[in-house]
Amino acid sequence: MLPARDAVTLLESISADAFDPAYTEAAGHRSAGPPPRRPTALRTAEIMIPIMVLGLLLATALAQTRRSVPDLAKERRALALRIEERTARTDALLKEVELLRSQVAAAQTSGLSISDAGREKARELSRLELAAGAVPVTGPGLRVVVDDGTTSAGDQAQDGSERVLDTDLQRLVNGLWAAGAEAVSINGLRVIGTTAIRSAGLAITVGFRPVGRPYAVEAVGDPDEIEAKFVDGPGGRWFRTLQDNYGIVFRVSGERSLRIPAAGGLDVRYARVEGPR
Amino acid sequence: MIAAIGLFIGVVAGLLVQPTVPLWLQPYLPIAVVAALDAVFGGLRAWSEGVFDDKVFVVSFVANVLIAAFVVFLGDQLGVGGQLSTGVVVVFGIRIFANAAAIRRHIFHA
């Protein structure tokens, strides 16, 4: 009750007292006594200087605000540029790793091909490399394309439920492994047992590298059964549910020939080869 | 006339020199501008009512700017600087509008 009235009177009193009573008082003094004799120069300065200060303040505040706007935009652009630069550098380094690795592999094969035992080792090595994801592979298999759904129900609020999540991609990849995939990649990034599929903000990272939608997941495997096994398996069932309920895009196609690159970080951090017994 | 010349000189000087405001002073600059504007509108209204007094004008100008800046500074120290600057701007805004309305009445008799 009262507070509302008080607020109104407060606002009223602000506008009612807007006129400085000091002016009326000074005028009253003037009319009462003889006008004080003061030099005109001083009176001019007393008006001019405050107004000049106001102009200075105005111009400075204006210049300040206008200067800081491009600064912010510049900072943002610089950050974006740095991100692009670093991503390009990582890409270049990954290419270099692949090149060096192929050189090492070539040197290894030529070194091992001197003896029978060496050739045996080389065969074992290439089998292990294939399984570990250390080498690029080609072969028949499956391409699964998934993408965020468009909210089909018209102006339904976009609450994020139509987005493909990192856990969805994890289920998809696990479903492909379960269906007998021998090598898997997401948007051209090899996925192996230690590859992390996570979300960073609204983006999904694969092995700590951001991937954009749509997500093309490729898997090399037995062309006769991988598709049926995947679609009827847990991964396919999960995505059919997502497709039906959230409108998420889910397309599966068999492919004659897929190329899947080598994995990036193959380091083993803690395990050591057991010493000779 | 004097006032118009003063304003012109001030704006031109500010735009030409473009003084860099130190970072700690930046939050007080807009507040000082609003406070100074209030004093100027008060003076203008006094002028239009024929009771203008240069001494009162100078004192109210300097006091307005300093007190407004001090209040916001105090608010900053207490952690409510943003809210207090909003309050200061609201109060001065109402005063400026009230004075501008009075000036308008005097000039146009409407």
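The helices α3(A) and α2(B) cross in a left-handed sense. Their axes come within 9 Å and cross at roughly 145 degrees. The model is predicted. In chain B, helix α2 covers residues 28–48.

Which residues of α3(A) meet α2(B)? A:P50, A:I51, A:V53, A:L54, A:L57, A:L58, A:T60, A:A61 and A:Q64 do. Opposite them, α2(B) offers B:L29, B:P30, B:A32, B:V33, B:A36, B:L37, B:A39 and B:V40. By class, this helix contact holds 15 nonpolar, two polar and no charged residues.

**The wider interface**

That helix pair belongs to the meeting of two chains. In total, 30 residues of chain A are in contact with 41 residues of chain B. Three helices of chain A each supply at least two residues of the side that touches chain B: α1 (2–16), α2 (21–32) and α3 (40–112). The largest share, 19 residues, comes from α3(A). The side of chain A that touches chain B has 21 nonpolar, six polar and three charged residues.

The two class counts stand together here.

| Set of residues | Nonpolar | Polar | Charged |
|---|---|---|---|
| Side of chain A that touches chain B | 21 residues | six residues | three residues |
| Contact of α3(A) with α2(B) | 15 residues | two residues | no residues |

**Nonpolar cores**

The largest nonpolar core has 30 residues. Which of them touch the most other members? They are A:L57, B:I31, B:A32, B:A35, B:A36 and B:A68. A:L57, B:A32 and B:A36 also appear in the contact of α3(A) with α2(B). The elements giving two or more residues to this core are α3 of chain A and, from chain B, α2, α3 (54–78) and α4 (81–108). With 11 residues, α2(B) gives the most.

Apart from this core lies another, of 29 residues. Its members include A:L172, A:A179, A:I204 and A:I248.

B:I31 shows the local packing in the largest core. Leaving aside neighbours within four places in sequence, B:I31 is in contact with B:A68, B:A69, B:V72, B:S85 and B:V88.

**Chain A: sheet and fold**

Chain A has seven helices and eight strands. Five of the strands form an open sheet, in the order β3-β2-β7-β1-β8. The pairing is antiparallel. Which strands lie at the edges? They are β3 (189–191) and β8 (249–260) of chain A, and each pairs on one side only. On average, neighbouring strands of the sheet are turned by 25 degrees against each other, direction ignored.

Strand β1(A) spans residues 137–147 and is joined to β8(A) by 10 bridges. The two run antiparallel. A:V146 stands opposite A:F250 in β8(A).

Of the 277 residues of chain A, 21% count as buried. Contacts in chain A between residues at least 6 apart in sequence are mostly long in range: 77% join residues at least 24 apart.

**A:T90**

A:T90 has its place in helix α3 of chain A. Is A:T90 buried, exposed or partly exposed? A:T90 counts as partly exposed, because it has 13 C-beta neighbours inside 10 Å. Buried would take 20 or more, and exposed 12 or fewer. A:T90 and A:R209 are 119 residues apart along the chain, with their C-alpha atoms separated by 9.2 Å.

Notes:
Residues numbered from 1 in each chain as written. Chains lettered and ligands numbered in written order. Predicted model: local features only at pLDDT ≥ 70, side-chain atom pairs only at ≥ 80, totals over all residues. Contact = placed C-beta atoms within 7 Å. Helix = DSSP H or I, 4+ residues; strand = E, 2+ residues; numbered from the N terminus. Nonpolar A, V, L, I, M, F, W, Y, C, P; charged D, E, K, R; others polar. Axes fitted to C-alpha atoms, helices over the stretch in contact; angles between N-to-C directions. Left-handed = near helix turned anticlockwise from the far one by under 90°. Pairing = 2+ DSSP bridges. Core = buried A, V, L, I, M, F, W, Y, C linked by C-beta atoms within 7 Å.
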